[in-house]
Amino acid sequence: MSGDTRNELREAVLESLRMVIDPELGENLVDLGLIYRVDVDDRGAARIEMSTTTKGCPAAAYLKDAVHSAVWIVSGIEQVDVLLTYDPPWSPEMISGAIGHKFGAGSGGIRR
Amino acid sequence: MIGASLSRWTMAFFAVSLVCLILAETLMAVGYGFPSHAIEAPETLVVVHLVAIGWLSLLMCGALFQFVPVLVAKPLWRPFLALPVLACLMAGLGFLLAGFLQLAGTLESDLPFLILGGCLLPLGFAMAIWILGETLWRARPLPLPARFVATGLICLLVLAFLGSLFAHLLSGWIPAERLAAERGRLVPLHAAMGIGGWLTFSAVGVSYRLLPMFMLAPDHERATSRWVWLSGSAALLALGLGVLLELALGASTSLSFGVAGICGLVALVLYGTDLAFFYRHRKRRQLELNIKASGGAFAALFASALLCGVLVASGTLERHVGALVYLVFFGWLSGLALSQLYKIVPFLTWLECYGPVMGRKPTPRVQDLVAERRDGPWFILYFAGVFAATGALLAEELTLFRLGSAVVCIATLAIVVELVLARRLANVSASLRLPEGTRLPRLFMAASGGR
């Protein structure tokens with residue numbers, strides 16, 4: 001798989017992840033800065049690092065499953081690995097500018 | 001899994017507690033209990049325990065079974081014991097109330113209702129303390145909000161022991177004359193452990209987690225918050241030790257009560273600064289109704305402290321203690337509880353119904369389960385009724401108090417109807433209401449598949 005194709009696949013994964021909303025904040029996980037990392041390798045294996053707004057959140061397992069499903073449906077993805085992490089803990093500063101006007105300015109977005 | 005699961009019985013705890021609240025408010029509106037009856041009369045004890053145990057303690061137990069795992073990021077220990085806790089507390093409360101009705105002469109029966117209540121209630125609370133205490137113990141070192149809950153649970157232990165003692169005394173099982181003098185001192189301690197320790201301390205602890213979460217405010221542990229816990233705990237300890245020393249050695253309580261008062265005041269002022277900090281540093285500009293309505297509860301908390309100070313300074317505390325307790329019960333504790341239920345019930349309902357299809361089907365937001373614009377006035381009416389009823393008690397205007405209580409009861413009923421509508425997904429648009437793979441949640445019990 002070429003670098004361009006990998007990048008396209010990665011963008012498609014991000015787009016699909018925008019379908020998953022945090023139930024409490026009502027916004028998608030990508031813009032909320034809850035998707036920490038998205039990696040896609042040559043074989044179409046995706047590895048996602050994500051968090052939730054609070055550690056111990058009762059929605060955590062549902063959100064992790066939802067992220068898995070949203071990535072799995074992307075054409076070209078052969079394997080999905082989702083890691084839930086609280087290192088670093090999420091903070092409102094991670095919210096991206098796209099929805100920042102609702103929550104105050106944030107520098108957010110995923111780390112590339 | 002890092003995280004918590006849906007507590008299966010929490011909604012049942014909430015349902016029973018709300019029924020008790022409406023029952024108590026109706027009794028007050030029709031003139032049953034204080035101020036129509038004396039403050040120590042069995043009729044008043046019916047209303048007070050319906051509120052303190054039936055409404056607030058059941059609600060707190062149900063809420064803690066759901067939120068202690070969130071506070072410590074560990075699953076609840078032996079969650080299946082929640083149902084026996086509910087059964088014991090419901091039966092125990094029923095027997096206790098029947099016992100009070102026996103004392104009032106309303107219920108004629110030879111059955112030892114007070115003894116049964118005085119055994120089942122401590123058993124239920126002991127199980128709740130066991131479940132929550134073990135969950136906290138396994139999660140050491142505890143984050144600050146959980147330390148508040150731990151202190152609240154210790155107070156619950158003292159509260160339940162004293163409550164059981166009183167029930168046995170009132171039943172005549174322990175000869176009343178043996179502890180006649182001590183009872184006068186232990187009743188205020190019982191009330192302080194219940195209102196200040198178990199209910200207020202636990203509520204403050206949970207608020208330290210929920211408020212930053214709902215307002216998107218910084219939730220790191222602040223020095224002021226640590227001092228709230230330390231000074232509040234010191235106040236409760238000074239109160240308990242003061243009464244014990246008086247009973248054991250005949251020592252004066254003035255020093256310990258003075259220390260308790262100062263420590264309590266410090267805790268309250270610092271809690272106020274923390275609330276202001278969350279509000280000022282919040283990222284969520286448009287506050288939701290649960291947070292706006294909580295403002296009424298916080299106003300009632302600080303108004304209660306002010307009222308307490310004025311009553312102590314004017315030497316009229318004994319005369320107006322009913323008004324003070326009413327404001328704390330209905331303004332602070334019930335106001336906060338109803339406000340937060342307005343968020344918690346839709347949130348848990350959302351998770352139960354839409355959690356399993358999240359990311360696979362379009363789903364509504366949690367906010368779509370309620371109609372904030374329609375419900376805001378009910379909260380305004382609720383707090384207006386509470387403050388009016390408190391004023392009526394201070395002015396000793398019985399009719400006005402019943403009118404205020406009726407307003408509070410109507411507003412509560414309306415809020416409860418809205419919670420039922422949220423649970424039935426009645427406010428969600430038809431296109432999003434029940435996507436394939438979902439089903440309507442049961443009113444009183446979360447699905448067993450909840451994680």
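This is a short walk through a predicted model with chains A and B, starting at their interface and ending in the loops of chain B.

**Stop 1: the interface.** Colour chain A and chain B separately and show the residues where they touch. You should have 32 residues from chain A and 34 residues from chain B on screen. Together the two chains bury about 2,800 Å², and carbon and sulfur atoms give 61% of that area. Now pick out Glu24(A), Pro58(A) and Tyr62(A): these supply 28% of the area that chain A buries against chain B, more than any other three residues.

**Stop 2: polar links across the interface.** Stay with Glu24(A) and add Arg284(B) as sticks. The two form a salt bridge, with the closest N and O atoms 2.7 Å apart. In total, the count between the chains is three salt bridges. Seven residue pairs are in polar contact across the interface of chain A and chain B, counting pairs with both residues at pLDDT 80 or more.

**Stop 3: the chain A side.** Which helices of chain A each supply at least two residues to the side that touches chain B? Select helix 3 (60–72) and helix 4 (97–103) of chain A, and you have them. Helix 3 of chain A gives the largest share, eight residues. Colour this side of chain A by residue class and you'll find 21 nonpolar, six polar and five charged residues.

**Stop 4: two helices in chain B.** Hide chain A and select residues 180–215 and 317–354 of chain B, which are helix 6 and helix 10. Their axes come within 12 Å and cross at roughly 35°, and the crossing is left-handed. For the contact itself, show side chains on both helices. From helix 6 of chain B, the residues taking part include Ile195(B), Leu199(B), Ala203(B) and Phe214(B). From helix 10 of chain B, look for Phe329(B), Trp332(B), Leu336(B) and Lys343(B), among others. By class, this contact has 13 nonpolar, two polar and one charged residues.

**Stop 5: backbone oddities in chain B.** Most residues other than glycine have a negative phi, and most peptide bonds are trans. Here are some exceptions to click on.

- Phe34(B) and Pro35(B): a cis peptide bond joins them, with omega about 5°. Pro35(B) lies in the loop between helix 1 (10–29) and helix 2 (42–72) of chain B.
- Ala73(B): phi is positive, about 55°, although this residue is not a glycine. Look for Ala73(B) in the loop between helix 2 and helix 3 (82–104) of chain B.
- Arg140(B) and Pro141(B): another cis peptide bond, with omega about 0°. Pro141(B) sits in the loop between helix 4 (113–137) and helix 5 (144–171) of chain B.

Notes:
Residues numbered from 1 in each chain as written. Chains lettered and ligands numbered in written order. Predicted model: local features only at pLDDT ≥ 70, side-chain atom pairs only at ≥ 80, totals over all residues. Heavy atoms only, no water. Axes fitted to C-alpha atoms, helices over the stretch in contact; angles between N-to-C directions. Helix = DSSP H or I, 4+ residues; strand = E, 2+ residues; numbered from the N terminus. Left-handed = near helix turned anticlockwise from the far one by under 90°. Contact = heavy atoms within 4.5 Å. Nonpolar A, V, L, I, M, F, W, Y, C, P; charged D, E, K, R; others polar. Buried area = accessible area lost by both parts, 1.4 Å probe. Salt bridge = Lys/Arg side-chain N within 4 Å of Asp/Glu carboxyl O. Polar contact = N/O pair within 3.5 Å; in protein donor to acceptor, adjacent residues only side chain to side chain.
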